[in-house]
Amino acid sequence: MTGPLLAAAEPLLRTEGLTKHFKIGNALSQQVLHAVDDVGLSVGERQIVALAGESGSGKSTIARLLAKIYKPTSGEIYFQGKPLSSMRSRADTLHYTGLVPMVFQDPFSSINPVFRVSHGVLRGLKLHRPELSRQQRYAEALRVFDVVGLSPAAEVMQRYPHELSGGQRQRVGFAQALALRPRLILADEPVSMLDVSIRIGLLNLMVQLRDSEDVSILYITHDLASARYVADRLVIMYAAQIAEAGPIEEVLANPRHPYTQLLLSAVPDPKAPLGVGAETDKGEPPKVIDPTPGCRFRWRCPLATGECHSVTPPLRELLPAHTVACHVARADAVTEAFR
Amino acid sequence: MPTGPASSGPAVLEVSDLSVEYVMDAGSVVAVDRVSLALSPGEFIGIVGESGCGKSTLLFGIAQLLAPPARITGGSVVFNGQNMVGLTDKQLAAVRWKDLSVVMQSAMNALNPVKSIGAQLKDAMRAHGVTEADRIADRSAQVLQMVGIDPVHLRSYPHQLSGGMRQRSMIAMAMLFTPDLIIMDEPTSALDVVAQRSLMVQIKELQQEFGFAVIFVTHDMSLVSHFSDHLMVMYAGQVAETGDTRALFGSPLHPYTAGLMEAFPSIRGPRRQLSGIPGSPPDLARPPEGCRFAPRCPQVMPQCATTPPGLYQVGGTDVRCLQYDGAGNAGSLP
């Protein structure tokens, strides 16, 4: 990603060495929790990137760093080629957060229950697009409610959150984001709290937003099947680092990292042959506190070698656009750890 | 129902025509409408359906945990030969936890945040007459080990455990007296896929070892596909389809079952557009006159709007859909 020749191919958003550490413990036992370590992520124009991993792997921290809720410990985020750290004024920050809004996981607690659902949209418009008149704001709110499939928009806008179902509320979340004319929506597990039968509608909405509204989406999830349904690229996180990244079909068809294989083996699939796998992993992702060098997956990995215990595997490009952080993974064959 | 691997012997649980109503000023809502099911020792039954289809109300009705305005208005719940409906709290207390335990959806809310796991296990045992300190300590450590948690966590508080460990400790608690039946209300819905998978495998292993029967409620049909012997699909308070799990997955009869199976994307095979099930379940205060699924049904017929379907037997499966009227035996319900 260096050299002026590549400037034209600058992605919409790119992070370089993005790191977030939290100090934990009291004054006597200063420990450092590594929530995000040296992450290089990029999201292209009109692209859905799925960020997948278990609870505690740092996915949501990345979303909060990108949303400027947290300040990175080190590293840089470039949006449309410009570093975020150079952004100082309130106006610049407001402009950025309008371009990169967030949709939250829990549709029951992320909308203010005492206001009508139009409130959040209209307020966002007033703040981020002050040039609009009252009538224009209302018209824009109508438009976004319609786009996200809440119809009749004029009627739904007048309702209170408790009068809507979980799926409808999550659509309100997307309407709020969409009203700001975003370039990139940070969607933090937007469907995990919804019924399976409603999820597919929201996944379809995300694809529709990409195709007709030209929005990119960072889709944070632990469900690889839904990621495959919507996303163009897949980034797998493990213990604050990227384990594997690449075009989604390619990564899922040829998962090189043992952790990706573990995640894949856990997806319930009624079409798979009957039988309960005996070799099911019972481990949990580690909390990364004051880590020592070595692969962070080594304790759960059946293929771990001596090297894995002493040297942190770098992210290497094993195949075109497909990067893997594993000493054991090879370019020419899938080394199976879990199936 | 003659399915499942362990169908010998008398049923552990026999629910017949159970109805539960929420009685309110504006009229009553029938949340569970004449549901029947039978469970043999060691059988695993999955109950699936969308939010608001009555599956949790059914569970609460079986466990006699309903609180006003909900009440049982008909039917019986025969557990180990005893009709649970109408028992006093004292009579129920003797059965609960010893013979029948319940694992709730959110372990964070079901566990007491200010008491250690060990203290909560002790509570349950003392309530059932186990008072010797060393017996309590032994059994507590034993059940935690059964679910794969190190007994040092007896001194841990719920917030110190991960979501998966909290759910495991709930299951450990349910196993204290090795009950005949464990009722689980979406125990894995707050977990991510890896923890979910390992918990399901754990439940299945424990079940094979100790032989308890399981009622497992979920909205995610794919989750139970490999674990349940029997599957019951509920829609709008009624049984839509019930039968052997593999048969149901192999060839779903009810359009709603087929719709649920089409609602989740697959990790394998070609990528294709899915539509889910358009619309939402009906308001149970004013259910549709004919088939309750008719307004959302892709295979709707003219008579569906007016004729409520019964449960029709097709092979080993019972299905509530007019397409199967006359295909086999007529239904037992009007």
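Helices and strands here are DSSP runs, with a strand taking at least two residues, numbered from the N terminus. Two strands count as paired if DSSP finds at least two bridges between them. With that in hand, here's what turns up in this predicted model.

Start with chain B. Strands β1(B) and β2(B) make a hairpin, with 2 residues between them. β1 covers residues 13–24 of chain B and β2 covers residues 27–39, and the two run antiparallel, joined by 9 bridges. Down by the turn, B:Met24 has B:Gly27 of β2(B) as its bridge partner, while B:Val23 sits opposite B:Ser28.

The hairpin belongs to an open sheet of 4 strands in chain B, ordered β2-β1-β4-β5, with antiparallel pairing. β2 and β5 (82–83) of chain B are the edge strands; each has a single partner strand, so one side of each has no neighbour in the sheet. Helix α1 of chain B (residues 55–63) packs on this sheet and touches β1, β2 and β4 (70–79). The direction of α1 makes about 70° with that of β2(B).

Over in chain A, it's a pair of helices. The axes of α6 (residues 166–178) and α7 (residues 196–213) of chain A come within 10 Å and cross at roughly 20°. Angles under 35 degrees count as roughly parallel, so α6(A) is roughly parallel to α7(A). Their crossing is right-handed. Among the residues making the contact are A:Gln170, A:Phe174 and A:Leu178 from α6(A), and A:Leu202, A:Leu205 and A:Leu209 from α7(A). Sorted by class, this contact has 6 nonpolar, 4 polar and 2 charged residues.

How values were computed: Residues are numbered from 1 along each chain as its sequence is written. Chains are lettered from A and ligands numbered from 1 in the order in which they are written. This is a predicted model: local features need pLDDT of at least 70, side-chain atom pairs count only at pLDDT 80 or more; totals for chains, interfaces and linings use all residues. Two residues are in contact if their C-beta atoms, placed from the backbone, lie within 7 Å. Axes are lines fitted to C-alpha atoms, for helices over the stretch in contact, and angles run from 0 to 180 degrees between N-to-C directions. Angles under 35 degrees count as roughly parallel, over 145 as roughly antiparallel, 65 to 115 as roughly perpendicular and the rest as oblique. A crossing is left-handed if the near helix is turned anticlockwise from the far one by less than a right angle, and right-handed if clockwise. Ala, Val, Leu, Ile, Met, Phe, Trp, Tyr, Cys and Pro count as nonpolar, Asp, Glu, Lys and Arg as charged, and the others, Gly among them, as polar.
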